[in-house]
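Work through the two exercises below with the sequence and the model side by side, and try each task before reading its solution.

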Amino acid sequence: MTIYCVGSINADHFYDVPHIPAPGETLAGANFRIGLGGKGANQSVAAAKAGAEVVHIGAVGADGAWAVERLSALGVGTDHILTVEEPTAHAIINVAADGENAIVIYSGANLCQSEDEIAAALKSAKPGDRLILQNEASLQVEAAQMAKAAGLEVIYSAAPFSTEAVEAILPHTDILVVNDVEAAQLSESLNVDVADLPVKGMLVTRGADGADFIAPGDVTHVDAHQVTPVDTTGAGDTFLGYFVAGLDQGMSVADAMGLASAAGALKVTRPGTADAIPSRKDVEAFRA
Ligand SMILES: Nc1ncnc2c1ncn2[C@@H]1O[C@H](COP(=O)(O)OP(=O)(O)O)[C@@H](O)[C@H]1O
Ligand SMILES: [Mg+2]
């Protein structure tokens with residue numbers, strides 16, 4: 001089956017700084033590096049590395065050809081990534097000597113999704129395929145509606161968290177995905193227990209405390225592996241991509257979570273975002 005992802009593609013620009021700049025201060029950054037990131041791209045890469053057939057639907061600017069090439073090299077289908085007039089979304093990530101960071105994100109092309117392009121991509125979708133969505137790109141509700149009409153299962157990551165966004169998409173969502181911070185924001189803003197939300201399943205990832213898949217009357221828990229984390233960026237995206245790929249490959253929820261937990265643990269031992277997502281081979285070796 002195929003996993004479609006309508007999602008963000010970001011160029012992450014990292015700079016090491018002695019401390020986070022104060023208002024009015026100018027600082028020299030060191031060790032400049034650019035990496036592929038964005039929750040959408042990360043999730044697509046994770047699912048592809050897990051072995052799934054993945055079609056990414058998104059947009060970059062004229063400056064984003066390298067990101068599309070990188071996605072393609074990492075195994076993601078890129079035929080439905082548009083080049084638009086806005087620049088490619090990017091993040092300016094200042095990393096201080098004490099590990100603290102300060103991030104500015106410009107969403108640019110991520111907010112220029114095209115309904116026609118989503119429809120064109122989903123034209124070849126079949127019932128049993130899946131659509132993954134996060135809250136960093138435009139047209140999420142439209143994409144979810146099109147996918148539901150075509151018989152796809154819709155999986156939505158409520159991140160970055162927005163009450164309005166989650167309320168709008170919930171009626172078109174089968175599996176809602178949050179980390180523990182977002183779970184708290186969700187239950188506070190909607191004034192419900194997350195276990196009572198009207199979805200088929202709810203995946204709550206809890207960092208070093210593992211993850212729970214909550215279905216009506218049934219909770220599946222997976223423990224986290226014990227590792228020494230060096231960079232937890234993208235852990236949730238890695239977990240999600242591997243989890244959905246596991247389901248796509250016919251695994252039970254428990255087995256898919258076991259696979260995803262190992263992938264997430266391995267990710268946090270590596271610095272970086274999309275490029276640091278572990279291969280299926282490395283994940284299997286880590287589990288063995
Ligand atoms: N410190 C850690 N040790 C082991 N596994 C981790 C660690 N942090 C994250 N993971 C794995 O990655 C998953 C997702 O991480 P989490 O922090 O919940 O997501 P997010 O990146 O969205 O904040 C966890 O459920 C766990 O399986
Ligand atoms: Mg976390």
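The exercises treat a helix pair and then the cysteines. This is a predicted model, in which local features need pLDDT of at least 70 and side-chain atom pairs count only at pLDDT 80 or more, while totals for chains, interfaces and linings use all residues. Residues are numbered from 1 along each chain as its sequence is written, and side-chain values use heavy atoms, with hydrogens and water left out.

**Exercise 1.** Determine how the axes of helix H7 and helix H8 cross.

Solution. Take residues 235-248 for H7 and residues 253-268 for H8; their axes come within 8 Å and cross at roughly 150 degrees. Because angles over 145 degrees count as roughly antiparallel, H7 is roughly antiparallel to H8. Next, list the residues in contact (heavy atoms within 4.5 Å): H7 contributes, among others, Phe-239, Tyr-242 and Phe-243, and H8 contributes residues including Met-257, Leu-259 and Lys-267. Finally, sort the residues of this contact by class, which gives 12 nonpolar, 4 polar and 1 charged, where Ala, Val, Leu, Ile, Met, Phe, Trp, Tyr, Cys and Pro count as nonpolar, Asp, Glu, Lys and Arg as charged, and the others, Gly among them, as polar.

**Exercise 2.** Explain why Cys-5 and Cys-112 are not bonded to each other, and decide whether each is buried or partly exposed.

Solution. A disulfide requires a pair of cysteine sulfur atoms within 2.5 Å, and by this rule the count is 0. The cysteine sulfur closest to that of Cys-112 belongs to Cys-5 and lies 17 Å away, so the distance is too far for a bond. As for accessibility, Cys-5 has a relative accessible area of 0% and is therefore buried (under 20%, with exposed meaning over 50% and partly exposed in between, for a 1.4 Å probe and protein chains only), whereas Cys-112, at 27%, counts as partly exposed.

Definitions and conventions. Chains are lettered from A and ligands numbered from 1 in the order in which they are written. Axes are lines fitted to C-alpha atoms, for helices over the stretch in contact, and angles run from 0 to 180 degrees between N-to-C directions. Helices (H or I, at least four residues) and strands (E, at least two) are DSSP runs, numbered from the N terminus. Angles under 35 degrees count as roughly parallel, over 145 as roughly antiparallel, 65 to 115 as roughly perpendicular and the rest as oblique.
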